[in-house]
Amino acid sequence: MEKKLILIGPLRQVLTLDGIPEKGAVKDEQLQIVEHAGMVLQNGVIQEIGDFDSLYQRWHEQAELVCTEGSQVALPGFIDCHTHIAYAGNRANDFALRNAGSSYLEIAEAGGGIWNTVSHTRASKEDQLVRLTVERARFLLSQGVTTIEVKSGYGLQVKEELKILSAIKTANRMTDADLIPTCLAAHMLPRDFDGGAKEYLDQMETVLFPLLKTEQLSNRMDAFIEKTAFQADVIKPYLQRAKEMGFDLTVHADQFTTSGSQIAVELGARSADHLEASTSTEIDLIAQSTTVAVALPAASLGIGCDFTPARKLLDAGACLAIGSDWNPGSAPMGQLLTSACILATMEKLTNAEVLSALTFRAAKALGLHDRGRLVPGMRADFILYKTDNYQNITYYQGSMLPAAVWKDGKEVVSNNNDGQYI
Ligand code: NIG
Ligand code: FE
C-alpha cells in the first residue's frame, strides 16, 4: 500500500496536550507547546511533531509539503462528547415560556419539552433526519469539532429509536466528522405508552437492545435520571442489563436533583453528564471514580440555571470534559467553544483545563483512545487557527473561527478569516 506522507508547517505553536494527566486541575504551564513546529502525517495518523527545519531536512524528499501561511497555531480537533443533534422541530416557544417565568420541568410536565420534539421527530422521515443531522454536524465541524457523539431519545418507541440511530449511521457516512451514536431510549416515559416506567424499560431491554447489537447501531446506553424522567429504582436494573450486554454507559445525572451521579459511579459509567445540582458528596464520589464529569454549559445558558461546579470537580481530582448538549430544548446554541469559554470565565478554569476538557478528556468520556492529543500514533485530527498565540483561541470566546480543520490527515474545512481579529 502506498504510504502517503505529508509535512505540514511551519507552525508558530503546536499544542500537543501531551503529558497532561487524565484527571484533576491543570496549570497553563503544563501545556506542551512546540514552537516553529512541523507535523509529519502518514495515512491519516501523526508520525512525528518537532522543529520544522529539522523535519524538513529529513522528510522533504519523501513528503508532500503543506506550507502554512503566516502565523498559525495547531491543536487537537475538538470532541463534543454529548449532543442530541438528530431531531426535528424547534422549541423557541419553550425558551420564551421559560423567560416569562415557567420552569423547564413545569413545561415538561405540561406536555411540552422533550415530548414536543418527540412528536416532530416521529413525524419526520428518516432521510429528513439524516439531512438535519448532517447539517448540524457540519456546523460543529466548521468550529473544529472532528468527533461528535449523537444521542437518540426523541423516538421513544422501538421503531422510532431505530429510525433515529439508523439516520445517525447514514449521517456519519455523509460528514467528515466521526459521529458516535448513543441510545437514549430512556429519555422520558412516552406519553402514549400503555404502561408504567418499568414496562417501558423492559420492552426496550428485550426488543431494542438486541437489535442495536445485531444492526450495529450503537454500543452506548444513556438514561435521563430525574423526577420527570426515570428514577433510581427502575433505571438501575435497566442500566445494569445494558452493561451486562456490553454497552458502555453514560448518564444524564444531577441536572435538577441528585441521585444520577451515584448510579453512574456505582455502575462504572464512562461519564456522568450535567451535574449542575451536584453537592460536595457527589463531587467527591465522581472525583474518586473513573467516571468522567461532563459539564454542559450551553444547557445552563439555555435554561438559565447554575453552571456545573467545574472548578470544584477539578480541584477534587475529577476528569472534566465539556460538551455542547446541542438539543432543541435546553441547549439550542450549538456552539461548543463559546459555551466552554463562558464556563471558564464563570468557574475560573485555566486554558489548559478548557482545552483538555474539549479534547483528550472528552475522548475518555467516549472510550476513545486514538484521538485527543497530537502525539505520534494518534489520528491526525487537528485545528489550525491564524494567530500567533494560542491564548487568543479562548480569549475570543469562540468567535475566532479555525483557518482550517483536518480530519484523518485530510483538510476538510478551510476558512479565509484574515484580518478579522487584529
Ligand atoms: O441534556 N435533560 C435531558 N435531556 C436534554 C434536553 C432534551 C430536551 O429538552 O429536548 C439535556 O438537557
Ligand atoms: Fe443532554
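The largest cavity in this structure holds about 90 Å³ of space. The structure is a predicted model. A search of the whole structure finds 3 cavities of 30 Å³ or more. Besides the cavities, this briefing covers the site of the iron ion (ligand 2), with its four protein donors H82, H84, H252 and D325, and the salt bridges, which number 26.

**Largest cavity**

- The residues lining the largest cavity are H84, Y104, I114, Y154, H187, F224, H252, Q255, H274, D325, N327 and S330.
- Sorted by class, this lining comprises 7 polar, 4 nonpolar and 1 charged residues.
- H84, H252 and D325 belong to the lining of the largest cavity, and these residues are also among the protein donors of the iron ion (ligand 2).

**Iron site**

- The iron ion (ligand 2) is bound through NE2 of H82, NE2 of H84, NE2 of H252 and OD of D325, with the donors 2.1 to 2.3 Å from the ion.
- Along the sequence, the donor residues follow the spacing H-x1-H-x167-H-x72-D.
- H82 sits in the loop between β6 (78-80) and α2 (92-99), while D325 sits in the loop between β13 (320-322) and α13 (336-347), so this pair ties together parts 243 residues apart in sequence.
- H82 counts as buried because its relative accessibility is 0%, under the 20% cut-off.
- D325 is buried as well, because its relative accessible area is 1%.

**Salt bridge R91–D94**

- The side chains of R91 and D94 form a salt bridge with an N to O distance of 2.7 Å.
- R91 is buried at a relative accessible area of 4%, and D94 is buried at 6%.

**Salt bridge K236–E266**

- K236 and E266 form a salt bridge in which the closest N and O atoms are 2.5 Å apart.
- This pair links distant parts of the chain, with K236 in helix α8 (residues 232-244) and E266 in helix α9 (residues 260-266), 30 residues apart.
- K236 is partly exposed, with a relative accessible area of 31%.
- E266 also counts as partly exposed, at 45% relative accessibility.

**Salt bridge D370–R379 and its network**

- D370 pairs with R379 in a salt bridge whose closest N and O atoms are 2.7 Å apart.
- D370 is partly exposed at 26% relative accessibility, and R379 is partly exposed with a relative accessible area of 26%.
- Both residues belong to a network of salt bridges that links D178, D370, R371, R379, D381, K407 and D408.

Terms used
Residues numbered from 1 in each chain as written. Chains lettered and ligands numbered in written order. Predicted model: local features only at pLDDT ≥ 70, side-chain atom pairs only at ≥ 80, totals over all residues. Heavy atoms only, no water. 1 Å grid on protein atoms, 1.4 Å probe; cavity = no way out; pocket = protein on both sides within 12 Å on 5 of 7 lines; lining within 4 Å. Points joined across faces, edges and corners; volume = space filled by probe spheres on them. Nonpolar A, V, L, I, M, F, W, Y, C, P; charged D, E, K, R; others polar. Donors = N, O, S within 2.8 Å, 3.2 Å for Na, K, Ca; no water. Helix = DSSP H or I, 4+ residues; strand = E, 2+ residues; numbered from the N terminus. Buried < 20%, exposed > 50% of the residue type's maximum accessible area, 1.4 Å probe, protein only. Salt bridge = Lys/Arg side-chain N within 4 Å of Asp/Glu carboxyl O.
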